[in-house]
Amino acid sequence: RAAITRQAHRAHAPATMTSSLRFRNLLVVIKQTAYEEYSQLKLRGQAPKALRWKRLESRYKDHKSCVNDLLRILRHHKVDFSCVNRVELDRQHLANVDLVVAVGGDGTVLSSAHFLDHGTIPLLGINSDPITTEDQKSVKKKKTDERRSHGALCMCTANDMEDGIARVLHGGATLLPRTRIQTTVKSTFSETRLVPALNDLLIANPSPAAVSRFRMGWLEEVPEYSSLGNGGDGGLSSLPPAGGGHGNYGASMDEPRPPLQAQYGTVTRFGGIPYDVTNSLNVWSSGMWVSTATGSSAAMAAAGGKSMSTDQTDLQYLIREHMIEKTASATDGEAGNESVEGMDNGMLGDGEQLHLRWNSQKGRIFIDGSHLSHNLELGDEVLINNHAPPLQLFLRDK
């Protein structure tokens with residue numbers, strides 16, 4: 001591993017710092033390249049035999065050169081900065097930081113974004129190993145070299161970052177909010193809020209050959225319970241008297257209120273708030289994609305989803321390989337399935353909340369790829385919406 005990525009380094013700016021700087025304390029998150037990872041495996045005799053070491057080393061050198069150039073540029077602008085390897089990034093590194101710079105590719109940007117869950121610290125992505133003209137000529141059957149990062153989330157590349165960083169530091173770059181996915185998992189004895197996803201979620205059985213069984217529906221807050229009390233009873237203390245004329249609870253104090261289950265059907269709670277599960281559907285499939293507008297051009301598009309404008313705040317869901325049984329009530333054998341098939345791919349707008357009840361023995365939620373995941377068990381419930389704080393991301397000018 002390169003010396004600069006072994007541990008966090010600190011470069012202090014002189015006291016005569018330029019007053020026009022918009023950001024003064026930066027954290028530089030540096031990608032660990034495949035060459036570095038495989039070199040460690042090689043020392044233990046575990047590296048694959050088919051590796052192309054010269055190609056890996058060439059890209060490692062390009063990446064290292066970009067990192068060295070970046071540090072030189074930051075010193076030129078007289079800002080405080082510290083460096084940390086992507087795999088060693090922790091929340092403690094964000095203390096007193098007002099800008100995070102991710103050097104690598106889209107994966108490094110996504111990993112860095114997971115630590116910026118409050119949405120208060122902006123993020124700048126730099127593609128350290130962009131596709132060159134020579135690479136495009138060498139790829140005969142495709143338009144791009146898919147072995148390199150596309151840099152869709154990066155504002156700059158190694159070739160133009162000097163001008164881009166100057167505009168970022170002095171307030172001339174484009175900073176826009178990007179919608180993220182908020183996911184809450186309720187198990188038998190716990191409720192866990194996952195880190196916000198910038199691109200997408202994949203919810204599926206850990207084995208790609210296994211069926212993912214779940215019940216999908218939408219949550220609507222129970223009206224009579226929408227105002228929470230302070231009695232620690234999940235809002236029950238704020239209910240009107242039974243004879244107060246609000247709702248259908250009876251005409252006198254002597255008549256007890258009916259239980260939630262009898263009144264509303266399927267009721268669940270998240271954060272102590274009761275919700276009614278509506279328009280639910282039992283699903284047997286290969287799992288489900290949920291994406292933001294940012295991630296709609298990635299796996300969602302490849303799976304057959306719709307491309308979205310990046311300024312949209314809606315989320316998109318797509319059921320993978322949905323196994324739909326033919327209904328006996330359909331006159332032509334297929335007409336009865338049209339409404340179910342129409343639910344395979346849709347949008348989740350502002351104020352809407354998607355609910356899943358996991359019905360397989362095992363499951364897993366993959367957050368922005370394979371590096372970060374959360375395990376599911378039979379009976380776990382998942383709440384998905386777009387309520388996560390947006391990520392402040394520097395973008396390339398169109």
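Okay, let's start with Asp368: its relative accessibility is 10%, under the 20% cut-off, so Asp368 counts as buried. One thing to keep in mind throughout is that this is a predicted model. Asp368 lies in the loop between strand 18, residues 362–367, and strand 19, residues 373–377. Its backbone caught my eye too: phi of Asp368 is near 55 degrees, a positive value in a residue other than glycine. As a reminder, most residues other than glycine have a negative phi.

Where else does a positive phi turn up? One place is Asn279, with phi near 50 degrees, and again that's a residue other than glycine. Asn279 is found in strand 13. Buried or exposed? Asn279 is exposed, with a relative accessible area of 60%.

While we're in strand 13, which covers residues 273–285, have a look at Trp284, which is found there as well. Trp284 comes out at 45% relative accessibility, so the label is partly exposed. Together with Val211 and Met323, Trp284 makes a nonpolar surface patch of about 280 Å². And Trp284 has a charged partner: Arg213 lies over the face of the Trp284 ring, 5.4 Å from the ring centre. There's another arrangement of that kind at Phe270, where the charged end of Lys186 sits over the ring, 5.1 Å from its centre.

Now, ring on ring. The count comes to 5 aromatic pairs. One of them is Tyr35 with Trp53, which is edge-to-face, 6.0 Å centre to centre with 80 degrees between the planes. That pair links distant parts of the chain, 18 residues apart: Tyr35 is in helix 2, residues 34–43, and Trp53 is in helix 3, residues 53–76. Trp53 has 25% relative accessibility, so we call Trp53 partly exposed. Ring pairs also bring in Tyr60, giving a cluster of Tyr35, Trp53 and Tyr60.

That takes us to helix 3 itself. Helix 3 has 24 residues and reaches 35 Å from its first C-alpha to its last, close to the 34 Å expected at 1.5 Å a residue. Which of its residues are buried? Tyr60 from the cluster is among them, along with Leu56, Arg59, His63, Cys66, Val67, Leu70, Leu71, Ile73 and Leu74. When you look at that spacing, remember that an α-helix has 3.6 residues a turn, so residues three or four places apart point the same way.

Last stop: what follows helix 3? That's Lys78, whose phi is positive, near 60 degrees.

Methods:
Residues are numbered from 1 along each chain as its sequence is written. This is a predicted model: local features need pLDDT of at least 70, side-chain atom pairs count only at pLDDT 80 or more; totals for chains, interfaces and linings use all residues. Side-chain values use heavy atoms; hydrogens and water are left out. Patches are made of residues with over 30% relative accessible area and no salt bridge: like charges are joined within 9 Å, nonpolar side chains (Val, Leu, Ile, Met, Phe, Trp, Tyr) within 5 Å. Accessible areas come from the Shrake-Rupley method with a 1.4 Å probe; for residues, only the protein chains shown count as cover. A salt bridge is a side-chain nitrogen of Lys or Arg within 4 Å of a carboxyl oxygen of Asp or Glu. Helices (H or I, at least four residues) and strands (E, at least two) are DSSP runs, numbered from the N terminus. Buried means under 20% relative accessible area, exposed over 50%, partly exposed in between (1.4 Å probe, protein chains only). Rings of Phe, Tyr and Trp (its six-membered ring) pair if their centres lie within 6.5 Å; planes under 30 degrees apart count as stacked, over 60 as edge-to-face and the rest as tilted. A charge sits over a ring if NZ of Lys or CZ of Arg is within 6 Å of the ring centre and within 35 degrees of the ring normal. The expected span of a helix is 1.5 Å times one less than its number of residues.
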